[in-house]
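Let's take a walk through this fold, one piece at a time. Keep the viewer open and click along as we go.

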Amino acid sequence: MAALHHHHVLLSLRPSPPRLRLPTRPPGQRHRLLPRAAATTTTAAASALQDFRRWLSSYGAGEGKAVPAAVPEGLGLVAARDLPRGEVVAEVPKKLWMDADAVAASDIGRAVGGGELRPWVAVALLLLREAARGADSPWAPYLAILPRQTDSTIFWSEDELLEIQGTQLLSTTMSVKDYVQSEFESVEAEIISTNKDLFPGTITSEDFLWAFGILRSRVFPELRGDKLALIPFADLVNHSPDITSEGSCWEIKGKGLFGREVMFSLRTPVDVKSGEQIFIQYDLDKSNAELALDYGFIESNPSRDSYTVTLEISESDPFYGDKLDIAELNGLGETAYFDIVLDESLPPQMLPYLRLLCIGGTDAFLLEALFRNAVWGHLELPVSPDNEESICQVIREACKSALAGYHTTIEEDEELLKGENLQPRLKIAIGVRAGEKKVLQQIDDVFKQREEELDGLEYYQERRLKDLGLVGDNGDIIFWES
């Protein structure tokens with residue numbers, strides 16, 4: 001992580017610490033498979049889809065309004081008739097879900113203990129156990145249509161990962177892989193190797209990575225954490241950037257006598273004609289890097305291009321304690337992360353936090369206890385020429401350093417994107433790295449312009465003199481004569 005120290009400021013424009021951590025070398029076998037989709041170009045795959053339909057029907061899943069079908073993305077849900085907005089298109093009974101309750105009820109329930117494992121790890125083990133059982137698994141028709149890979153960056157080869165060199169996405173991807181590898185080593189030693197009756201075959205780190213990727217790409221966002229659940233049938237629904245609302249497309253409800261049967265109910269967010277594919281919005285808040293990591297696709301939408309600026313109060317700062325106290329009083333901490341989105345303004349707390357980090361010298365009096373409750377208001381406006389110049393220099397130098405880490409320019413990336421028949425993963429790589437660089441350039445432009453305006457800004461001392469009535473509106477000092 002490249003960082004820049006400036007007046008006891010620690011600032012990083014390299015990737016922020018990832019939310020997750022897998023083996024550095026992805027599985028050797030590669031297929032062109034999209035999120036929530038399996039290849040259906042072969043007779044065997046078509047047969048597996050038919051078996052899956054029959055399996056769903058045997059459990060009463062769905063009401064004949066949507067059917068699993070081959071679509072350009074791989075597999076998806078297709079309307080069996082005209083469907084109005086808000087119509088229920090799939091209902092999946094809880095007995096088909098793969099969740100914590102399914103783990104507890106399965107023959108590996110005793111092996112994973114009483115909720116001691118992370119929910120995703122427990123469900124991942126259930127996935128692997130049921131996949132190993134083959135036709136004997138009650139989920140066999142569902143497991144047969146799951147992809148062996150997606151275009152998520154966790155499955156990319158080393159050569160493919162080189163295409164995102166310098167990006168925050170690369171660092172996050174490698175950290176995710178480290179995390180999953182660490183989890184695998186733990187469960188392999190504590191559960192898999194000690195329960196050979198349940199896991200008679202060899203379970204590799206690549207298998208565990210596959211299970212993680214399946215969960216990451218197919219679980220509905222609100223069903224993560226303790227509620228984590230794979231919902232067969234409903235999880236075939238694909239994403240469309242044209243769907244701009246993500247609320248109210250599904251719910252968990254009771255059905256049957258006294259509503260005792262728990263169902264996952266999926267609704268279409270828009271009108272759909274018979275024979276057309278049903279789409280939803282996966283997550284409006286995810287950046288292109290997050291979409292690439294979780295699902296293996298990106299959008300050509302500027303609001304999806306973002307960059308995370310990491311700011312940190314250095315422990316070597318002589319005012320470390322005071323600055324940390326002020327940050328915490330204002331909802332921040334020793335480290336703060338600011339997501340900068342293309343064509344949008346800087347986050348409102350970024351400039352005050354930057355000024356706090358850079359404050360020192362003759363401005364340090366603002367850190368005294370008597371200013372504690374009012375200092376953030378002062379930091380929301382320029383403090384002094386030296387302080388404002390410092391924040392501009394810190395950010396611009398960090399932007400320059402970050403941009404130097406990429407092996408292409410924005411112009412080169414835009415030219416590459418004009419090419420025909422780009423491989424999907426290469427298109428993702430170019431789109432993400434170009435987006436990051438555009439945001440970095442935007443940040444640099446903002447602070448370059450600020451540097452040019454330093455002489456025209458109003459600073460703390462001038463504002464204070466005005467409040468005391470000692471400076472006129474034109475900036476002249478007012479004198480009183482006896």
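Start with a pair of residues facing each other across two strands: tryptophan 250 has leucine 266 in β10 as its bridge partner. Keep in mind that you're looking at a predicted model, not an experimental one. The strands around this pair are β9 and β10 (residues 261-267), which run antiparallel and are joined by six bridges. Zoom out a little and you'll see that they belong to an open sheet of three strands, in the order β5-β10-β9, with antiparallel pairing. The edges are taken by β5 (88-93) and β9 (250-255), and each of these has a single partner strand, so one side of each is left without a neighbour in the sheet. On average, and ignoring direction, neighbouring strands here are turned by 30° against each other.

Now for some helix packing. Helix α4 (residues 119-133) meets helix α7 (residues 168-192) at an angle of about 65°, and their axes are 12 Å apart. The crossing is right-handed. Which residues make the contact between α4 and α7? On the α4 side they are Trp120, Val121 and Leu125, and on the α7 side they are Tyr179, Val180, Glu183, Val187, Ile191 and Ile192.

Helix α10 (residues 320-329) is a good one to look at end-on. Its buried residues include Tyr320, Lys323, Leu324, Ile326 and Ala327. Looking down the axis of α10, the buried residues fall within an arc of 165°, so they line one face of the helix. That fits the general geometry: an α-helix has 3.6 residues a turn, so residues three or four places apart point the same way. What do the buried residues of α10 pack against? They pack against β12 (306-313), α11 and α12 (375-379). Just after α10 comes glycine 331, with a positive phi of about 80°.

On to the charges. Side chains of opposite charge can pair when their charged atoms come close, and this structure holds 30 salt bridges. One of them joins the side chains of glutamate 388 and arginine 355, at 2.9 Å from N to O. Glutamate 388 sits in helix α13 (residues 385-403) and arginine 355 in helix α11 (residues 350-358), so the pair ties together parts that are 33 residues apart in sequence. Both glutamate 388 and arginine 355 are buried.

A salt bridge also links the side chains of aspartate 413 and arginine 433, at 2.8 Å from N to O. Aspartate 413 is in helix α14 (residues 410-417) and arginine 433 is in helix α15 (residues 424-452), so this pair ties together parts that are 20 residues apart in sequence. Aspartate 413 and arginine 433 are both buried, and they belong to a network of salt bridges with Glu163 and Lys437.

For another setting, try glutamate 87 and arginine 81, whose side chains form a salt bridge at 3.1 Å, N to O. Glutamate 87 counts as buried because its relative accessibility is 18%, under the 20% cut-off. Arginine 81, at 37%, counts as partly exposed.

Finish at asparagine 387, back in helix α13. Is asparagine 387 buried or exposed? It is buried, with a relative accessible area of 2%. Leaving aside neighbours within four places in sequence, asparagine 387 touches Arg355, Cys358, Ile359 and Asp363. Asparagine 387 and tyrosine 459 are 72 residues apart in sequence, yet their C-alpha atoms are 9.9 Å apart in space.

Notes:
Residues are numbered from 1 along each chain as its sequence is written. This is a predicted model: local features need pLDDT of at least 70, side-chain atom pairs count only at pLDDT 80 or more; totals for chains, interfaces and linings use all residues. Side-chain values use heavy atoms; hydrogens and water are left out. A salt bridge is a side-chain nitrogen of Lys or Arg within 4 Å of a carboxyl oxygen of Asp or Glu. Buried means under 20% relative accessible area, exposed over 50%, partly exposed in between (1.4 Å probe, protein chains only). Helices (H or I, at least four residues) and strands (E, at least two) are DSSP runs, numbered from the N terminus. The arc is that of the directions from the helix axis to the C-beta atoms. Contact means heavy atoms within 4.5 Å. Two strands pair if DSSP finds at least two bridges between them. Axes are lines fitted to C-alpha atoms, for helices over the stretch in contact, and angles run from 0 to 180 degrees between N-to-C directions. A crossing is left-handed if the near helix is turned anticlockwise from the far one by less than a right angle, and right-handed if clockwise.
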